[in-house]
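Colleague: I'm new to reading structures and I get lost when I try to take in everything at once. Could you pick one part, go through it slowly, and then tell me how the rest fits around it?

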2 protein chains.
Amino acid sequence: MITRMSELFVRTLREDPADAEVPSHRWLVRAGYIRRAAPGIYSWLPLGYKVLRNVERIVREEMDAIGAQEVHLPALLPKEPYEASGRWAEYGANVFRLKDRKDGDYLLGPTHEEMFTLLVKDLYSSYKDLPLSLYQIQTKYRDEARPRAGLLRGREFVMKDSYSFDVDDTGLQKSYDRHRDAYIRIFNRLGFEYVIVHATSGAMGGSASEEFLAVADNGEDTFVASPGGYAANVEAVHVIAPQPLPYDHAPAAHVHDTPDTPTIATLVDHANAQLPRADRPWTAADTLKNVLVMVRQLDGTREPLAIGLPGDREVDLRRLAAQLAPAEAEVFTEDDFVDHPSLAKGYIGPSALGRENSSGIRFLVDPRVVTGTRWVTGADRAGQHVFDLVCGRDFIADGVIDVAEIKEGDPAPDGSGPLRLARGIEMGHIFQLGRKYAEALGLKVLDSRGKLVTVTMGSYGVGVSRAVAAVAEGACDDKGLCWPREIAPYDVQILATGKGDAVLNAATDLARELDAAGVAVLLDDRKASPGVKFADVEIMGMPTSVVVGRGLAEGMVELRDRRSGGSENIPLAEAVARIVAVVHGRPAID
Amino acid sequence: MITRMSELFVRTLREDPADAEVPSHRWLVRAGYIRRAAPGIYSWLPLGYKVLRNVERIVREEMDAIGAQEVHLPALLPKEPYEASGRWAEYGANVFRLKDRKDGDYLLGPTHEEMFTLLVKDLYSSYKDLPLSLYQIQTKYRDEARPRAGLLRGREFVMKDSYSFDVDDTGLQKSYDRHRDAYIRIFNRLGFEYVIVHATSGAMGGSASEEFLAVADNGEDTFVASPGGYAANVEAVHVIAPQPLPYDHAPAAHVHDTPDTPTIATLVDHANAQLPRADRPWTAADTLKNVLVMVRQLDGTREPLAIGLPGDREVDLRRLAAQLAPAEAEVFTEDDFVDHPSLAKGYIGPSALGRENSSGIRFLVDPRVVTGTRWVTGADRAGQHVFDLVCGRDFIADGVIDVAEIKEGDPAPDGSGPLRLARGIEMGHIFQLGRKYAEALGLKVLDSRGKLVTVTMGSYGVGVSRAVAAVAEGACDDKGLCWPREIAPYDVQILATGKGDAVLNAATDLARELDAAGVAVLLDDRKASPGVKFADVEIMGMPTSVVVGRGLAEGMVELRDRRSGGSENIPLAEAVARIVAVVHGRPAID
């Protein structure tokens, strides 16, 4: 069936939407693929929905290929299973909650570990039933604090989520590997650049976990990669603690007046001016910065936390959030300082910190702060700092916290070279959950010796609607969208440019012949100027277009390739064969 | 790809689920197609989801065929559009409502008239853009007071909803007719018995509306049909008022003591014993029954209503609900009687009823209560009734209300003969909405003369998940499900019955060959007894099955047809050709 632009429910926009922060959002709206219905909630127009379904098809084919079985669970879910797993509380404000007419508590499912666990418990009871992988492609909900970037971070979105069930860890590893391979095939077919990185498990729980990130300057995630092949989300980087240093010959700590040095920069300047060291200038890396935050637990209780880290690094708030989750970090306010009079703001040092010291505040330090390291740090009196304060001699922290920012050039934890930083969009996440949910919900099977064992699970997600945006993000230019062939809404857009029936008739005949040959055709049959049609075909981004217009008198049409921008005049008589060849993957126009 | 029962995520149950009220629910659960997740909320297992997707495919193909364009709108919707149309209030407790983290009001969409109206308003502005038909296949929500019968009345369900947009009424009629034709094709393909009946528009608004009902003894809807082709949901039957009668020679009304006659039956018995009429016995049809209800408006205000109807008929509560909507009828309680002392319970008559009379209660009568009709009815004093009370002479009602039950044999309103009553399941509903939503939300376009005109709309629904149950309901027997070929999860189920590799190998080879020939095969390769496999194949309901077992030694297999119960032994060598022929619709086994 040929689609005619004169009938297609679409309007391209000449202006960027006001709220568009990223190219994919801008172009998907301007090209008439999606429309905003509410913050973080979008309607799919005909072109957009075709792309979404193409992505779904790819995901479905690859999941079926590894023997995962498709099911479909509700989005409206009762509270009880999520209460049993603890996630009803853990999700906090991130989940949409509601009550039914009988005052029963429900949520809109953000992910379905609990429901799948219960479903398998309901049906299966023996190791002979396993391994099992189930998946669904389903609408999910998350009440994001800051929905943004169109489909990239929405509140209603489509995900493929799958779950594996195995009787032992070896089985789980195999299920995980099968999913990983399927994801590689999915993302290869979607055709964007991606990396697979180590990731944190976060609220999901479990041990091993990897993310598939689409490489994109606008991505929300930052990842690191080394020449030797190490790759991780910054949240998952574990800094390797250096060896302890000997400090037998270290001088005793000595306090100096350092007036007006509340920041690291002013402190370093002051030290270099007033207390220069012989071997080299002081740098921020010589200082120990003590950062205070309030940690709010799920039950609402707040407790202060002091983080000591080298002064040349900031606390990375996302790394901190990942470490604290499900608790959250909040700002340590002026009121909080009032409540802790032993803290000298701007001059806080280890002497006041720690469970055993004057403030009683829990004090955790960066892994680099090992025994024997010497620091310039606050002396806990306004206008004074202490020098040569030795870790392990002059102070002992309550523990270690690995939340300092990762910098370009930092060594990879596995010794594989200096890290490079880049940004990406989380497109897939695979988890070895282990037994967390099976234990909470009682999913056990009889093993081969007749003993009840708890099932071990994996959970695997692909952002299906997000993938539409991620592909668009990686494949648009300054003129519009530019779809890879496998997920484009149509293979070919035919433009009838020029007046008179001859042009429209020839274009329509060509469309019919291509349609009969199995090519998905969008025919621009509108009574619009060639300029409008040329602009729209660029915005809308079909991989191939054919211009039926001026050349028709000579029996020629123009074949265009959206990605390369190349074009070629070919005889109309050869057009069907040529286009069919192009659509089926033979060399395009250069 | 062959599916193996040894791996398929399914368990058939030997017992009926406790909450199963209807066969479709019982068998869909027992055969492992669906599982209950919460009241009125179901999970689709692999077999069930295949059926659901087959129904979706049929619906999609037929909607595409009439040029409707597929879109996909959110399920989580902001309050504002529904407030503008008045439905935020009208839906009452039937809609799931929730707040987001910013205290914004949302609902889970039960139907999307408002959102589609806004979407078209957003993109279109000229009569040249119309006609337009859009549709979606989407998960919808309704907080039913009594979810029941499995998928037949759920709280989360899949619907196809479409919406037509036209510049004038002629256009709307065409769009409506096109949808009607598409629905006929859809329901023919789904293969159940259905009727098309006149229907009420209810809260949806608009004028013409028809329902497609699957004929089913367990259906919630009652419809009527006449030999002459009239068909309507009972809610939509309009009783034709008879001609007024002359009453010049009617005797004056006369009151009699009728002790202990609070019911129609006791009254008729008393009248025949004590006050016999000459021509024939008194019947309930001679009495005027006055029924009191309280009407609760959306704003919570309650007002009494008296309904006068012939004593041989009850008030049909669904017809009453349809007439009152969005207001609701509630019981007239003892307390309400206390508040209205002029009402003599059991002996209420028109003298006390009506705005102008002692109770001041609004008094509406059945259309049959026309001027000149004479009634035996309450005299508004305990133990007394009045005879020969003439409508139009002795009392005048405040209006007419058409809510009496329809009885088998009642005349069709169009004179096409006596009505037959039957029950059905609402599978589709088509509405000529007119301009209700376009007016409320400001959807106007420029007409051909450059004048702004309000668009006229239609709305059209198919219960997609409900169709799975409706098909099952119409096509199961006492052994299990029995799918029509077009929506069966698999074409053929192959049973390997018998020990030894030879049987399993032959069955697997047959499965492979059929799979290669494009037949969807489920291979029962389990280490289970033939009895278990025979029972499961009946429960699960694939249209065709093949038994590879005892006959194999002679090179024979058994071909079975689920619907007819017929079976035939055929040579294994001919099995592929035979089964391919059966699957492609050539005569099955008899």
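Modeller: Sure, and let's start with a word you'll need: two strands count as paired if DSSP finds at least two bridges between them. Keep in mind too that this is a predicted model.

The part I'd pick is a sheet. In chain B, six strands make an open sheet in the order S1-S27-S26-S28-S29-S30, and the pairing is mixed. Strand S1 (3-4) and strand S30 (567-571) of chain B are at the edges with a single partner strand each, so one side of each has no neighbour in the sheet. To see how one of these edges is held, look at S29 (residues 556-561) of chain B, which pairs with S30(B) in the antiparallel sense over five bridges. If you want one pair to click on, take Glu558(B), whose bridge partner in S30(B) is Asn569(B).

Now hop over to chain A. There you'll find an open sheet of six strands, with mixed pairing and the order S1-S27-S26-S28-S29-S30. Its edge strands are S1 and S30 (567-571) of chain A, and each of them pairs on one side only. Let's walk in from the S1 end. Strand S1 (residues 3-4) of chain A runs parallel to S27(A), and two bridges join them. Since at least two bridges is what pairing takes, that is enough for S1 and S27 of chain A to count as a pair. Across that pairing, Thr3(A) is opposite Leu522(A). S27(A) is also joined to strand S26 (residues 492-496) of chain A, by four bridges, and these two run parallel. Here Val492(A) faces Val521(A) across the pairing. At the other end of the sheet, S29 (residues 556-561) and S30 of chain A run antiparallel and are joined by five bridges; Val557(A) is the residue opposite Ile570(A) there.

What about the two faces of a strand? For S27 (residues 521-524) of chain A, both are covered: Val521(A) and Leu523(A) on one side are buried, and so are Leu522(A) and Asp524(A) on the other.

That leads us to the nonpolar core. The largest one holds 273 residues, and those touching the most other members are Ile494(A), Val546(A), Val548(A), Ile494(B) and Val548(B). Zoom in on Val548(A): once you ignore residues up to four places away in sequence, what it touches includes Ile494(A), Leu495(A), Ala496(A) and Val557(A). Val503(A), Ala506(A), Ala507(A) and Leu510(A) are also on its list.

Back in chain B, have a look at the loop between helix H11 (464-474) and strand S26 (492-496), which is where you'll find Gly480(B). Buried or exposed, then, for Gly480(B)? The cut-off for buried is 20 or more C-beta neighbours within 10 Å, and Gly480(B) has 21, so it is buried. Apart from its neighbours within four places in sequence, its contacts include Trp27(B), Ala31(B) and Glu538(B). Ile539(B), Met540(B) and Gly541(B) are in contact with Gly480(B) as well. Sequence distance can fool you here: Gly480(B) and Arg562(B) are 82 residues apart in the chain, but their C-alpha atoms are 9.8 Å apart in space.

Now zoom out. Chain A is divided into domain 1 (18-237 + 421-473), domain 2 (254-400) and domain 3 (490-583). Between the C-alpha centres of its domains 1 and 3 there are 40 Å.

Last, the two chains together. A turn of 180 degrees with a shift of 0.0 Å along the axis lays chain B on chain A, with an RMSD of 0.1 Å. The copies are therefore related as by a two-fold rotation axis. In chain B, the residue closest to that axis is Leu98(B), with its C-alpha at 2.6 Å. The contact between the chains takes 41 residues from chain B and 41 from chain A. On the side of chain B, the elements giving two or more residues include helix H2 (46-65), helix H5 (113-123) and strand S8 (132-141). By class, that side has 27 nonpolar, four polar and ten charged residues. And because 100% of the interface residues of chain B are interface residues in chain A too, the copies meet through the same surface.

How values were computed. Residues are numbered from 1 along each chain as its sequence is written. Chains are lettered from A and ligands numbered from 1 in the order in which they are written. This is a predicted model: local features need pLDDT of at least 70, side-chain atom pairs count only at pLDDT 80 or more; totals for chains, interfaces and linings use all residues. A residue is buried if 20 or more other C-beta atoms lie within 10 Å of its own, exposed if 12 or fewer, and partly exposed in between; C-beta atoms are placed from the backbone. Two residues are in contact if their C-beta atoms, placed from the backbone, lie within 7 Å. Copies are superposed by least squares on the C-alpha atoms of residues with pLDDT of at least 70 in both. Domain bounds come from an automatic or database domain assignment. Ala, Val, Leu, Ile, Met, Phe, Trp, Tyr, Cys and Pro count as nonpolar, Asp, Glu, Lys and Arg as charged, and the others, Gly among them, as polar. A nonpolar core is a set of buried Ala, Val, Leu, Ile, Met, Phe, Trp, Tyr and Cys residues joined through C-beta atoms within 7 Å.
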